[in-house]
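Please read the following account alongside the sequence and the coordinates. It proceeds from the backbone to the interior.

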Amino acid sequence: MKSEFFTRGKLIFALSVMLFSSVVMAGTEPLDPTWVRPHTDFSKYTKFLVKPLNLSDVKILRPPWAQDDPIEWKLETMALDAIQNIFQDAMKEVLEADDGYPLVYLPGEDVLEVDVELLSIMPYVRPGSSGKEDGYEIVTLGSGEITGTVELRDSPSRALLVLIEGQRVAGEEYKQFTRENNIANLKATFAAFAARLRAAMDKARGK
């Protein structure tokens, strides 16, 4: 059976689970990296080159309680452009606000490249579900578990400077399974990541 994980005009539950890894959390604390290149002078970077969100090889995983579901859990990509737009808009709005860090499209000596890849998604509800069961609204604490990586690179050389990876539950509140809630969750999570990235840059530059 074909899943309706993405359908035109209906950014369903998938949007709220297509998030980042452990770096995406509420608040504006600086990022907690897995690895940092020794002796890197981050203070020289004043701009960001944000690559499109990498969803090229994301896997969808079933939670333990859904292993026997006879319906296929499938990831389709009809609305990836919409996801990319929300991601880029959130990054631009947060990073550039109040004389922050301009987003550019070409490498430069003062440009830090940001590359985010989503590796896997474990939704709590089967993609394509209506959001109701036996006439009742489905309400979950968060949307699912996601695993991903963030790479920060020197843009001219593409040398890896920071690697961040991990797993995280997407969402921190009980919410009904609705299009509006999931889009809001997606926007908030992208904005939270951008805020933490900005806080890390501020710290490196002594702001």
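**Loops, core and a contact between distant segments**

In this predicted model, D99 is exposed, with a relative accessible area of 75%. The residue belongs to the loop between α2 (80-96) and β4 (111-123). Its phi is near 55°, a positive value in a residue other than glycine. A second residue with a positive phi, again not a glycine, is R158, where the angle is near 65°. R158 is found in the loop between β8 (144-154) and β9 (160-170). With a relative accessibility of 39%, R158 is partly exposed, because that value falls between the limits of 20% and 50%. Such angles merit attention because most residues other than glycine have a negative phi.

The interior may be considered next. In soluble globular proteins, nonpolar side chains tend to be buried together. The largest nonpolar core here has 32 residues, and those touching the most other members are F48, V50, M91, L95, V114, F190 and L197. Two or more residues of this core come from each of β2 (47-50), α2, β4, β8, β9 and α3 (179-204). Leaving aside residues up to four places away in sequence, L95 touches F48, V50, G100, Y101, L103, A194, L197 and R198.

Y101 also links this description to T46, which touches Y101, P102, D110 and R205 when residues up to four places away in sequence are not counted. T46 is situated in the loop between β1 (35-36) and β2, and is partly exposed at 26% relative accessibility. Although T46 and V111 are 65 residues apart along the chain, their C-alpha atoms are separated by 6.3 Å.

Terms used. Residues are numbered from 1 along each chain as its sequence is written. This is a predicted model: local features need pLDDT of at least 70, side-chain atom pairs count only at pLDDT 80 or more; totals for chains, interfaces and linings use all residues. Side-chain values use heavy atoms; hydrogens and water are left out. Helices (H or I, at least four residues) and strands (E, at least two) are DSSP runs, numbered from the N terminus. Buried means under 20% relative accessible area, exposed over 50%, partly exposed in between (1.4 Å probe, protein chains only). A nonpolar core is a set of buried Ala, Val, Leu, Ile, Met, Phe, Trp, Tyr and Cys residues joined through side-chain atoms within 4.5 Å. Contact means heavy atoms within 4.5 Å.
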